[in-house]
Amino acid sequence: MTAAPDPTVLPLDHLALCGRGAAPALVFKDRTLSYEALNRRIGQLASWLAGQVPQAGARVATWLPKSELACLRAALPERLGLHYAMKANPYAPVLRHMAGLVDGFDIASGGELLLAEAADVPAAQISFAGPGKRDADLEAAILRGVTLNLESVREAERALAIGERLGERPRLAIRVNPDFDLKGSGMKMGGGAKPFGVDAAAVPALAKRIIASGAEWRGLHIYAGSQTLDAAAIAEMQAATIALAARLAEESGAPLPACNLGGGFGIPYFPGDLPLDLDVVGAALGEQLAELPEVLCETAFCIELGRYLVGEAGVYLARIVDRKESHGEVFLVTDGGMHHQLAASGNFGTVVRRNYPSAIATRFDAPMEEEASIVGCLCTPLDRLADKGGFPRAGEGDLVAIFCAGAYGASASPVHFLGHGPAAERLVNTNH
Ligand SMILES: Cc1ncc(COP(=O)(O)O)c(C=O)c1O
């Protein structure tokens, strides 16, 4: 008799921790990989990486985005474009990898524009949202034909003036500050007073001004929040976004060439988190797009996702340089920490600090033996990668692995603090 399936849904990178020995871990078309073999492969990968990356700390992105994207495409309406918000992971090989998989890139600065350009992302696929664009940023975007998602009336005036001075026709969309937010979102970007976007009530007048100026009108960008696992909340937000876009298009007196519906797709970081139900999101959006009002019939819709595409693909590795006890508690002190992987330390927008999934990468096979905290090498109590987790006994030289580290890692961490140096990054392909 087979055991009843365990109803707990865990991220894919928990797989190696779910069984032991000869039990099947992965069933392929032509063969089965046991937990023992899987752990050996992970161990080989970890030591290959350790050889590749001798310096302190290492963040690694793997092949996973491709499979996530394949799932996404199947679940979401065909008409919907998919954009990558490169703030989640701007590592050049990841950008190059993503360029072949998505329909557009969302950038947030002139610096990200240069990175996207260096990764051969065509300018026509890039849209630029973010407050505080300087004239030099606007000029670079206009010269290249990047779409600007304007964050204020004043920014629109500056963009129009720069376009005129350069003799270029800027491609302009308005980022809307909607009157709603994304329920359950860890990071709300709309609803009420916000530094992001133009208040919905002021959008029709600005749209008319842009259209009358002769600039290329690119429509609306409406981003209400990030990181939710609640499919109903995303469906509700998307429906509200489409209704708002229709109303603003009517009031502006012109159809919308394009409408970015935002994102917000979260990933399960913590025990008890359940992955987002894509089928629910896809079905609801499919219904919405099938019943569009006249003014949106020709509109090109897209969503923009960051962490959903890359977050679960990354593993952060750091080496234990000291094992110590203090008042009966074990501390595994590593050569990495929050200067490489701030988010895992709980200091990047989390209200209650919880442990990211973590393991001793050089001892996947060993049973859990003790409670220990994995800390970094910064002189601050904030620098804690795992707080009182259960691990096999580990010591100097062992590697720790922090999973779900593919988004908001190296580029979102205070790398210069205390001068330990940056994390090395590698894109690993499955042949290794
Ligand atoms: C405008 C915009 N787009 C995309 C994102 C990416 O969010 P996530 O990585 O949660 O998908 C953010 C995050 O703050 C954002 O502000």
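A residue is counted here as buried if 20 or more other C-beta atoms lie within 10 Å of its own, with C-beta atoms placed from the backbone. With that criterion in hand, strand S7 of this predicted model can be described: its residues 147–150 are all buried, with Thr147 and Asn149 pointing one way and Leu148 and Leu150 pointing the other way. In a regular strand the side chains alternate between the two faces of the sheet.

**The chain as a whole**

The protein chain has 432 residues, of which 44% count as buried, and it contains ten helices and 21 strands. Among its contacts between residues at least 6 apart in sequence, 71% join residues at least 24 apart.

**Strand S7 and its partners**

Strand S7 pairs in the parallel sense with strand S6, residues 126–128, and also in the parallel sense with strand S8, residues 171–177. Thr147 takes part in both pairings, since its bridge partners include Ser127 of S6 and Arg171 of S8. The table sets out the two pairings, together with the helix through which the chain passes in each case.

| Strand pair | Bridges | Bridge pair with Thr147 | Connecting helix |
|---|---|---|---|
| S6 and S7 | two bridges | Ser127 and Thr147 | H5 (residues 135–144) |
| S7 and S8 | four bridges | Thr147 and Arg171 | H6 (residues 153–166) |

The chain crosses from S6 through helix H5 to S7 in a right-handed β-α-β crossover, and S7, helix H6 and S8 likewise make a right-handed β-α-β unit.

**Helix H5**

Which residues of H5 are buried? They are Asp137, Leu138, Glu139, Ala141 and Ile142, a set that includes the charged types Asp and Glu. An α-helix has 3.6 residues a turn, so residues three or four places apart point the same way. The buried residues of H5 are covered by elements including helix H4 (110–118), S6, S7 and H6, so that the strands S6 and S7, which H5 links, are among its cover. Just after H5, Gly145 takes a positive phi of about 85°.

**The surroundings of the ligand**

Elsewhere in the model, 16 residues lie around the ligand, and Ala85, Tyr223, Ser226, Gly306 and Arg307 come nearest. By class, this shell has nine nonpolar, four polar and three charged residues. Strand S14 (300–305) and helix H10 (307–310) each supply at least two residues of the shell.

How values were computed: Residues numbered from 1 in each chain as written. Predicted model: local features only at pLDDT ≥ 70, side-chain atom pairs only at ≥ 80, totals over all residues. Buried ≥ 20, exposed ≤ 12 C-beta atoms within 10 Å, placed from the backbone. Pairing = 2+ DSSP bridges. Right-handed = clockwise from strand over helix to strand, strands pointing away. Near = placed C-beta within 6 Å. Contact = placed C-beta atoms within 7 Å.
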